[in-house]
There are 6 protein chains.
Amino acid sequence: MTERLERGRRWFEEVYGPGTSDGLLEMQQGVAKDLARFGVEFNFGDIYSRPGLTLQQRELLSLASLVTIGGLEPQLRGHTRGAIRVGCTPTEILETVIHVVQYCGFPRALNAIRVVTDQLVELGLDIPPATGREA
Amino acid sequence: MTERLERGRRWFEEVYGPGTSDGLLEMQQGVAKDLARFGVEFNFGDIYSRPGLTLQQRELLSLASLVTIGGLEPQLRGHTRGAIRVGCTPTEILETVIHVVQYCGFPRALNAIRVVTDQLVELGLDIPPATGREA
Amino acid sequence: MTERLERGRRWFEEVYGPGTSDGLLEMQQGVAKDLARFGVEFNFGDIYSRPGLTLQQRELLSLASLVTIGGLEPQLRGHTRGAIRVGCTPTEILETVIHVVQYCGFPRALNAIRVVTDQLVELGLDIPPATGREA
Amino acid sequence: MTERLERGRRWFEEVYGPGTSDGLLEMQQGVAKDLARFGVEFNFGDIYSRPGLTLQQRELLSLASLVTIGGLEPQLRGHTRGAIRVGCTPTEILETVIHVVQYCGFPRALNAIRVVTDQLVELGLDIPPATGREA
Amino acid sequence: MTERLERGRRWFEEVYGPGTSDGLLEMQQGVAKDLARFGVEFNFGDIYSRPGLTLQQRELLSLASLVTIGGLEPQLRGHTRGAIRVGCTPTEILETVIHVVQYCGFPRALNAIRVVTDQLVELGLDIPPATGREA
Amino acid sequence: MTERLERGRRWFEEVYGPGTSDGLLEMQQGVAKDLARFGVEFNFGDIYSRPGLTLQQRELLSLASLVTIGGLEPQLRGHTRGAIRVGCTPTEILETVIHVVQYCGFPRALNAIRVVTDQLVELGLDIPPATGREA
């Protein structure tokens, strides 16, 4: 295993938990495994491993970008779990989705917040209450 | 309840029918209710309530924008129902989807027209026949 | 000239004014003229010419879709002129941009409304005043 | 039937197989059939039928564009079958998805490669092995 | 002035500096001022003012979303200045752009990092050196 | 220099010409050089260097993806030059833009074909004539 792949797996497992990088590579078949491996090597080995941002910051930025693109339910679920694992709070995660509504529009933000809330509930976490300000 | 929220609910119910705004706010959990409330306050209280465009015009514009973004099936279904409620015809709704194909491309338009047609059928409405021009 | 192209030019000139379809086809060079011609034949000959929506409705729907895609300044300018030509009011045009902010987000809507306002000013039209509601 | 529609059906069936163009037009109801017909006439009658690119080139370009847009699973499946029918290899198809990751990002490419791989397996084709370079 | 607009202006000026909210509202003409005002009221009065995320977190999330959408140069410049004002470091800002390349692709990220770097240089700030790891 | 960077530069220069990879890395300042380097290492060292597609195929796929995203003028110009360098014909390049109009819509395709045609003219190449079929 190259140093980059090893570093990628180490950072991937920081985010998703021990042993999860095997699962990722197994999830794809044949040559698609190369693309999954690039994801580990590049996204985690090259990018996540850089200094300058904490893992908590990176997970919230990933969620902001995913919500903005729209329609990426499996990745939203994965990074919600990842964000919790690296120490983000449910409040930070949900406020991240609310924050980007001004850029990505209401339909994408509303679809995303349901997916994220469902994933947090599945993890057994308490969902912070609505502030209800102005209501 | 603030005046904006009240105004938002009133316009929301103009589009979706009496009592529906409670449902919307109930559909989300915890802090996600705040995002749903922003949708009522801002989209309906601030935007839909503005003078200068009729509700029929607004519903067709909403559909044009949603088809262009792509992948927003629940919103397409909702605004198809809304458009009918405020007095748009099935022809206007379906021609709106056909109109934007030149901007959003065929895959998004074809996926959307199936969703919209299904929703119109579910409402018990007659689907206008193909013009078949040139066929 | 085929009937479709002729019909396309006729509808194109309904929107953009007499003689403008020659200009469009001249604007591109070589094989790119084929793509411009497809635009006239398909967008105007096949789509704009359909019954079921008025030209005013079509121009507002085009603007809604263009604002949503973002970054299409020449087309925004062209369809602002077209919308005025077919009888839309500056208010309807500007309210269309404001309407779609809920779907496309603030940056795209704010960039678009400046382009559209500038084009309306260039046409010598009065810009409707802000409602200032709530301010 | 007009010459364009006939030509469109002929090219559509080159890609998707004998008899498939009837199915396409039947898949939609009412006026939505017009949009399906435009797809046959314009996409296949006007575009696919042009000289200058082979059908194999066109199918890979279609896949590149669809992966980039994201979220278009039925079209990805269809053009995977089409690409095989016109003589592209599973390797070319899968490498096309891998190639565009640099432009469309990892989530869209990873979601797409699973859909494409599944469709190739369904067709009974062998999936080329991972190169595993650097692993 | 309503409480929401006042709160929006206060938060807008936290990000962009004293007196800047007047400029924003002056930048647009006529009814477009309403859209600018909605931006202040909703984006800053409703969203930025929420508890749960710091202003530094919000500015990095805004940049992540803007880079992902692409083509929003004026907003990228504005939020780069805003991020610095609220206490983000040049490293955090630039690493945010690098982080999202995995989601938005290389062309958008490379175009954005040039805009952001230029803005930081214009502000007289030192650009952190390349890590050069692996080079 | 690592083997990946060296391989990336070699493939980058296959596409863009001898000595161009230095220019790319110089074009960005400070830490942005890391992102440019990732572009060389990953896009060219990992992706372009893969077997299974020729360089001509890769350049046309890159153009298809860039036209689909929209608004990426510098990259469109660069890959037009690259496509010519690796042996694609002006016809193949221009037909690629025309091919994807069915997916990305007319505004993006028309804006792109003008940029691509201008770049081909700048290179002193003959632009293939319009087929004018049906006109």
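This passage walks through the fold of chain A and then two interfaces made by chain D, all taken from a predicted model.

Chain A is an all-helix affair: eight helices and zero strands. Read from one end of the sequence to the other, the pattern is simply α-α-α-α-α-α-α-α. The radius of gyration of chain A comes out at 16 Å, close to the 14 Å that the globule rule gives for 135 residues, so chain A is as compact as a globular protein of that length. Along the principal axes, the C-alpha atoms of chain A fill a box of roughly 55 × 30 × 25 Å. Of the 135 residues in chain A, 64% are buried. As for how the chain packs on itself, take the contacts in chain A between residues at least 6 apart in sequence: 62% of these join residues at least 24 apart.

Next comes the contact between chain F and chain D. Each side puts in its share, with 38 residues from chain F and 38 residues from chain D. Together the two chains bury about 3,300 Å², and carbon and sulfur atoms account for 58% of that area. Four salt bridges turn up across this interface. One of them pairs the side chains of F:Glu95 and D:Arg50, with an N to O distance of 2.7 Å. Polar contacts between chain F and chain D come to 14 residue pairs, counting pairs with both residues at pLDDT 80 or more. On the chain F side, α1 (3-16), α3 (32-48), α4 (55-69), α6 (90-99) and α7 (101-104) each supply at least two residues to the surface touching chain D. The largest share, 10 residues, belongs to α4(F). Sorted by class, this side of chain F has 15 nonpolar, 14 polar and nine charged residues.

The contact between chain B and chain D can be described in the same terms. Here 24 residues come from chain B and 25 residues from chain D. The buried area is about 2,000 Å², with 63% of it given by carbon and sulfur atoms. The salt-bridge rule finds zero cases across the interface of chain B and chain D, while the polar contacts amount to three residue pairs, again with both residues at pLDDT 80 or more. On chain B, the elements giving two or more residues to the side that touches chain D are α6 (90-99) and α8 (106-122). The largest share comes from α8(B), with 11 residues. By class, this side of chain B splits into 14 nonpolar, four polar and six charged residues.

Methods
Residues are numbered from 1 along each chain as its sequence is written. Chains are lettered from A and ligands numbered from 1 in the order in which they are written. This is a predicted model: local features need pLDDT of at least 70, side-chain atom pairs count only at pLDDT 80 or more; totals for chains, interfaces and linings use all residues. Side-chain values use heavy atoms; hydrogens and water are left out. Contact means heavy atoms within 4.5 Å. Buried area is the accessible area (1.4 Å probe) that two parts lose on being put together, summed over both. A polar contact is a pair of N or O atoms within 3.5 Å; within protein, one must be able to donate a hydrogen and the other to accept it, and residues adjacent in sequence count only if both atoms are side-chain atoms. Helices (H or I, at least four residues) and strands (E, at least two) are DSSP runs, numbered from the N terminus. Ala, Val, Leu, Ile, Met, Phe, Trp, Tyr, Cys and Pro count as nonpolar, Asp, Glu, Lys and Arg as charged, and the others, Gly among them, as polar. The radius of gyration is taken over C-alpha atoms; the globule rule is 2.2 Å times the number of residues to the power 0.38. Buried means under 20% relative accessible area, exposed over 50%, partly exposed in between (1.4 Å probe, protein chains only).
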